[in-house]
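Please go through this structure and report on its charged pairs, its helices and its overall make-up. Keep it brief.

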Amino acid sequence: MQGMSERQYAARVGLSRGAIQKAKATGRLVLHEDGSIDAEASDRLRAEATDPSKTRKAQKLKPVSEAAVSAVGDTLREQGLTAPAPGGGTTFLQAKTAHEVLKAQERRIRLQKLKGELVDRARAETLVFRLAREERDAWVNWPARVAALMAAELGADTAAMQKVLEAHVRAHLEELAQPRIAL
């Protein structure tokens with residue numbers, strides 16, 4: 001009968017390979033004739049010999065919110081790494097990796113701000129709004145400025161020309177106001 005290798009058993013019980021090697025050397029694991037580890041028998045032996053107060057299961061772990069686990073998963077997926085299964089919990093290594101990735105992203109963003117590559121969203125929206133308002137006001141005032149010149153060139157009534165131009169400009173501005181651009 002073939003058992004597990006040190007690596008396989010270490011992965012199964014959540015210990016390092018070095019810890020498994022120490023347990024093997026001190027006789028705390030049950031081995032097959034070929035030197036492989038009998039997993040079930042070793043689990044029973046370890047359970048009998050282990051002080052329950054010193055196991056990780058005996059420690060009271062603080063519950064982690066589902067939002068935190070979800071955020072860890074999202075961060076790992078963004079980086080192309082393996083994310084925890086939904087409802088399966090997160091390993092310490094996955095959480096630590098996600099934490100390091102987030103710190104690196106935060107530092108990159110800070111650096112981009114210092115270099116002037118990123119701008120404040122509220123400031124950009126205010127600037128765009130102000131520029132759009134100035135452009136609109138320029139168009140609204142345009143018929144009053146050019147109506148007399150156009151009327152003189154065409155030999156038309158200045159007041160009538162201004163009313164026609166204003167109507168067309170306002171209709172055009174209404175068309176431009178329809179699509180909303182989300183920043």
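## The E100–K103 pair

K103 is partly exposed, because its relative accessible area is 27%. In this predicted model, K103 has a salt-bridge partner, E100. The closest N and O atoms of the two are 3.3 Å apart. E100 is partly exposed as well, at a relative accessible area of 39%.

Why are E100 and K103 separated by about one helical turn? They are three residues apart in helix 5, which covers residues 92-115. Side chains of opposite charge can pair when their charged atoms come close.

## Salt bridges along helix 6

The structure as a whole holds nine salt bridges. One of the pairs in helix 6 is R121 with E125. Their side chains meet in a salt bridge, with 3.2 Å from N to O. The two residues are four apart in the helix, so about one helical turn separates them. R121 counts as exposed, because its relative accessibility is 52% and the cut-off for exposed is over 50%. E125 is partly exposed, with a relative accessible area of 32%.

R130 and E134 also lie in helix 6. They too are four residues apart, about one turn of the helix. Their salt bridge has its closest N and O atoms 3.4 Å apart. R130 is partly exposed, with a relative accessible area of 45%. E134 is partly exposed, with a relative accessible area of 43%. Elsewhere, salt bridges with shared partners link E6, R17 and K24 into one network.

## E6 and its network

Where does E6 lie? It is in helix 1, residues 6-13. Is E6 buried or exposed? E6 counts as buried, because its relative accessibility is 17% and the cut-off for buried is under 20%.

The side chains of E6 and R17 are joined by a polar contact of 3.3 Å. Leaving out residues up to four places away in sequence, E6 touches R17, I20, Q21, K24 and I37. Among these contacts are R17 and K24, the two residues that share the salt-bridge network with E6.

## The course of helix 6

Helix 6 runs over residues 121-154, a total of 34 residues. At 1.5 Å a residue, it should span 50 Å. Its end C-alpha atoms are 48 Å apart, which agrees with that expected span. The helix still bends, by about 40° at V146.

Which residues of helix 6 are buried? They are P143, V146, A147 and A151. V146 therefore appears twice, as the site of the bend and as a buried residue, under 20% relative accessible area. The buried residues of helix 6 pack against helix 7, residues 158-177. After helix 6 comes G155. The phi of G155 is positive, near 70°.

## V30 in the loop

V30 sits in the loop between helix 2 (17-25) and helix 3 (39-49). V30 is partly exposed, because its relative accessible area is 28%.

How far apart are V30 and A41 in space, C-alpha to C-alpha? The distance is 6.1 Å, although eleven residues of sequence separate them. A41 is also one of the contacts of V30. Not counting residues up to four places away in sequence, V30 touches S36, I37, D38, A41, S42 and L45. I37 is on this list, and I37 is also touched by E6.

## The whole protein

The protein has seven helices and zero strands. From the N terminus on, its elements read α-α-α-α-α-α-α.

What share of the 183 residues is buried? Buried residues make up 17%. The protein exposes about 14,600 Å². Carbon and sulfur atoms supply 56% of that area. Take the contacts between residues at least 6 apart in sequence: 34% of them join residues at least 24 apart.

How values were computed:
Residues numbered from 1 in each chain as written. Predicted model: local features only at pLDDT ≥ 70, side-chain atom pairs only at ≥ 80, totals over all residues. Heavy atoms only, no water. Expected span 1.5 Å × (residues − 1). Bend = angle between axes of the 7 residues up to and from the residue. Buried < 20%, exposed > 50% of the residue type's maximum accessible area, 1.4 Å probe, protein only. Contact = heavy atoms within 4.5 Å. Polar contact = N/O pair within 3.5 Å; in protein donor to acceptor, adjacent residues only side chain to side chain. Areas by Shrake-Rupley, 256 points an atom, 1.4 Å probe, with all protein chains shown as cover. Salt bridge = Lys/Arg side-chain N within 4 Å of Asp/Glu carboxyl O.
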